[in-house]
Amino acid sequence: MSDTETDSPTTLSTNPQSKESPYLMSDADSVKDIFLWRRKKATATTLLASTAIWVLLDKYQFKFITVASWVAMSVAALSFLWGNLLRLVGR
C-alpha cells in the first residue's frame with residue numbers, strides 16, 4: 001500500500017474508540033446489551049412483554065389490531081389521568 005491510502009480519512013470508522021460518530025452505535029449497543037443480558041431489567045421487561053404478546057396472539061387467538069388498539073387506548077387514558085393528577089397536585 002502507498003502512504004496516501006493509509007493516511008486518507010475514512011467516512012465510516014471501524015474503530016470502536018473513534019470519536020467521529022458517538023451516536024451511530026448507541027442503538028445497536030443497547031440492543032446488544034439487552035440480548036446479552038447486561039441490562040437485566042430491560043431484558044426482563046422485553047422478555048415479559050414478548051411472552052404476554054405471544055400468549056394474547058397465539059393462545060387466546062386475539063388479532064393484532066385488537067391488542068394494538070387496547071394499548072393505544074390505555075396509553076391515552078393513562079396520560080389523561082396522569083395530567084389531571086399533576087394538575088390537582090399543583091405541579
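## Surface and fold

The accessible surface of the chain comes to about 8600 Å². Carbon and sulfur atoms account for 66% of that area. The model is predicted. The chain holds 91 residues, and 3% of them count as buried.

The secondary structure is simple to list. There are four helices and zero strands. Read from the N terminus, the elements run α-α-α-α.

## Helix α3

Helix α3 covers residues 40-59, which makes 20 residues. From first C-alpha to last, α3 reaches 27 Å. The expected value at 1.5 Å a residue is 28 Å, so the two figures are close.

Gln 61 follows α3. The phi of Gln 61 is positive, near 60°.

## Ile 53

Ile 53 lies in helix α3. Its relative accessible area is 45%. Ile 53 counts as partly exposed because that value falls between the cut-offs of 20% for buried and 50% for exposed.

Ile 53 also pairs up for a distance check with Val 67. The two residues are 14 apart in sequence. In space, their C-alpha atoms are 8.4 Å apart.

## The annotated span

The UniProt record, an unreviewed entry, carries the annotation "transmembrane region" for residues 63-86. In the model, that span is 96% helix and 0% strand. The end C-alpha atoms of residues 63-86 lie 35 Å apart.

Methods: Residues are numbered from 1 along each chain as its sequence is written. This is a predicted model: local features need pLDDT of at least 70, side-chain atom pairs count only at pLDDT 80 or more; totals for chains, interfaces and linings use all residues. Side-chain values use heavy atoms; hydrogens and water are left out. Helices (H or I, at least four residues) and strands (E, at least two) are DSSP runs, numbered from the N terminus. UniProt positions are given in the numbering used here, feature names are shortened, and annotations may be inferred rather than shown by experiment. Buried means under 20% relative accessible area, exposed over 50%, partly exposed in between (1.4 Å probe, protein chains only). Accessible areas come from the Shrake-Rupley method with a 1.4 Å probe; for residues, only the protein chains shown count as cover.
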